[in-house]
There are 2 protein chains.
Amino acid sequence: LHVPAHPDLGPKPQLGYVDSAIERVAERRGDHAWLEAAQADAGARAYVLGGEHIVLNKQGEALDPAFPLAQARALGKAAELVFLGLMQGAPRFGYGLDAATAAALKARPDLVVLDLRTIAAQGLVNAQHLPPLAEAKALLNWHARHRFCANCGAATRVSQGGWRRDCPACKAEHFPRTDPVVIMLAVDGDRCVLGRAARFVPNMWSCLAGFVEPGESVEDAVRREVREEVGLACGRVRYFASQPWPFPASLMIGCHAEARSTEIVVDRGELEDARWFDRAEVAAMLLRQHPQGLTTPPPVAIAHHIIRAWVEGEVDG
Amino acid sequence: LHVPAHPDLGPKPQLGYVDSAIERVAERRGDHAWLEAAQADAGARAYVLGGEHIVLNKQGEALDPAFPLAQARALGKAAELVFLGLMQGAPRFGYGLDAATAAALKARPDLVVLDLRTIAAQGLVNAQHLPPLAEAKALLNWHARHRFCANCGAATRVSQGGWRRDCPACKAEHFPRTDPVVIMLAVDGDRCVLGRAARFVPNMWSCLAGFVEPGESVEDAVRREVREEVGLACGRVRYFASQPWPFPASLMIGCHAEARSTEIVVDRGELEDARWFDRAEVAAMLLRQHPQGLTTPPPVAIAHHIIRAWVEGEVDG
């Protein structure tokens with residue numbers, strides 16, 4: 001396989017979950033009458049979720065994740081109904097079933113029930129649905145895991161169209177949680193570090209990643225995670241792009257980092273393996289032409305784009 | 001006042017809370033015996049906090065925020081002791097008093113009790129202490145507000161040296177929360193948008209900012225916040241830098257955004273005012289030479305650096 005120093009891998013695929021067409025109209029969230037009217041709007045649609053399950057409507061060959069509200073209600077009682085915003089002027093909601101109810105819908109011949117990673121990676125729905133599905137999933141998962149007040153232990157009540165939970169006892173207000181995660185490619189000239197977690201599909205290698213901790217900048221977190229996971233010191237860190245990642249509620253902050261040491265020591269508690277890859281080998285992985293069948297994550301994930309931008313010479317360490 | 005197109009404002013001041021000298025040694029957090037020994041280490045030091053109050057030791061003219069552990073314990077019973085990591089090989093802890101106990105220490109002649117914003121803005125302690133103080137404050141504030149399980153309402157127990165709380169009832173594990181915030185300068189050629197919140201000190205104008213919501217990328221959040229707060233559409237968004245901001249637990253993600261419309265409509269619920277400023281006027285503000293005494297935030301805050309980088313021509317929209 002011949003790969004030039006900075007290969008052109010062809011047209012760039014789309015990153016998933018970004019460039020939302022939803023207008024969130026946050027100023028409407030506290031307007032109860034407006035939200036009631038929005039539910040009654042004939043154009044209103046709801047994404048139906050339960051745990052990791054997304055319910056899709058079979059429309060001939062196509063799969064439609066946006067249900068008329070009456071149809072969503074017929075699928076089961078909502079644990080939570082959240083207002084996502086307006087899409088092309090019409091209200092969109094997230095309709096949260098409990099996970100068991102959603103799973104049971106797999107038996108219905110007119111529906112398909114799948115997890116969001118599969119839907120996104122295989123392009124099973126129009127890409128415009130991915131950002132609101134991410135929004136609905138992150139928000140509904142937060143409700144499912146935050147029905148009690150962390151400050152005093154009392155049961156809380158949903159408010160603001162699903163964007164807040166209020167404690168009737170201590171009056172604390174709780175907001176949905178989003179966890180910033182750094183995901184980075186450590187680079188040393190013409191080679192980079194890829195790792196494998198045990199949970200990955202076989203033969204897939206990816207960027208290192210980890211949660212940003214309290215009291216850390218993005219840049220500090222990148223350096224700490226690379227040091228912890230593979231024992232390398234990093235210098236300059238460059239931001240690349242970001243992506244919401246609703247598994248359950250992360251914000252992926254993609255970076256390239258300049259490696260300033262070379263000896264990899266793998267933290268086997270975090271990773272199954274990690275090693276240096278040269279540019280030609282990674283190009284072969286992106287092109288699905290690697291002799292041992294090694295691959296990178298699919299284009300729906302930001303790791304693909306972080307890796308590809310380096311292979312194509314658009315960034316250095 | 002004459003200001004050239006791309007003025008050089010002199011040496012760049014330091015951004016606060018970044019470039020931590022703490023080695024977090026996360027692998028030690030679960031090692032109870034090691035943590036016990038670390039507390040007994042003669043070189044161990046603790047930052048003493050209670051709510052917004054930081055306790056400082058008077059050392060002649062200097063103020064030292066790092067107390068020997070025995071001395072910290074003598075100040076009051078800890079609501080929580082958290083392990084921050086190693087600094088120059090010696091253990092550092094956060095020692096959390098309740099807010100009233102910390103406030104009462106203001107009466108002691110050998111101590112000074114101040115809030116972290118004041119300490120940081122006025123440079124009252126060596127800058128190396130700011131990152132661990134941010135780490136301690138964010139972590140201790142999280143404990144203070146999260147003593148109960150959001151999943152089931154039971155009282156939780158601290159574990160992992162302060163980096164986790166475990167629920168004995170439903171077995172849920174809870175991790176410290178960090179809230180990503182976008183903070184951005186919307187730019188249209190030689191002018192930019194600055195706003196004022198009612199809580200700001202008089203005459204100070206700053207970048208717009210807001211929390212990243214579930215299901216949003218950084219770039220989507222920047223465009224939404226600018227549209228919501230001042231009614232402007234934005235195109236390209238460029239990352240600039242980031243900063244932990246422990247008030248109470250934010251990660252500030254600094255950006256420049258290309259404005260694609262020009263008419264400002266201020267959201268008076270969020271802002272007292274917002275308007276276009278040309279480069280010369282902002283340069284005068286940074287130099288503290290504005291004819292009406294308008295100012296920008298101090299260098300400890302990332303807003304200062306976002307604004308200054310644009311004034312100095314280092315970034316465009």
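Here a colleague asks a modeller about a predicted two-chain model, from the contact between the chains to a pocket and some backbone details.

Colleague: Before we start, what should I know about the numbering and the pLDDT limits?
Modeller: Residues count from 1 along each chain as its sequence is written, chains are lettered from A and ligands numbered from 1 in the order in which they are written, and side-chain values use heavy atoms, with hydrogens and water left out. Because the model is predicted, local features need pLDDT of at least 70 and side-chain atom pairs count only at pLDDT 80 or more, while totals for chains, interfaces and linings use all residues.

Colleague: How much area do chain A and chain B bury between them?
Modeller: The contact (heavy atoms within 4.5 Å) takes 51 residues from chain A and 51 residues from chain B. Buried area is the accessible area, with a 1.4 Å probe, that two parts lose on being put together, summed over both. Of the area here, 50% is on carbon and sulfur atoms, and the total is about 4,000 Å².

Colleague: Which three residues supply the most of the area that chain A buries against chain B?
Modeller: Together they give 16% of that area, more than any other three residues, and they are R24(A), R177(A) and P214(A).
That answers which; their names again are R24(A), R177(A) and P214(A).

Colleague: How many salt bridges are there between chain A and chain B?
Modeller: A salt bridge is a side-chain nitrogen of Lys or Arg within 4 Å of a carboxyl oxygen of Asp or Glu. One of them pairs E23(A) with R227(B), with the closest N and O atoms 3.4 Å apart. The whole structure holds 52 over all chains, and the count between chain A and chain B is 8.

Colleague: Why does the salt bridge of R24(A) and E213(B) join two chains?
Modeller: Their side chains meet at 2.8 Å, N to O. Helices (H or I, at least four residues) and strands (E, at least two) are DSSP runs, numbered from the N terminus. R24(A) lies in the loop between β1 (22-23) and α1 (32-40) of chain A, so the pair joins that chain to the loop between β14 (208-211) and α6 of chain B, the place of E213(B).

Colleague: Which residues lie nearest the centre of the second largest pocket?
Modeller: On a 1 Å grid over the protein atoms alone, a pocket is an open set of points where a 1.4 Å probe fits, with protein on both sides within 12 Å along at least five of seven lines; lining residues have an atom within 4 Å of a point. This one is lined by 16 residues, and nearest its centre are Y239(A), F240(A), A241(A), E219(B) and V237(B).

Colleague: Where is the residue with a positive phi, K171(A)?
Modeller: Most residues other than glycine have a negative phi. Phi of K171(A) is near 70°, and its place is the loop between β10 (164-166) and β11 (173-174) of chain A.
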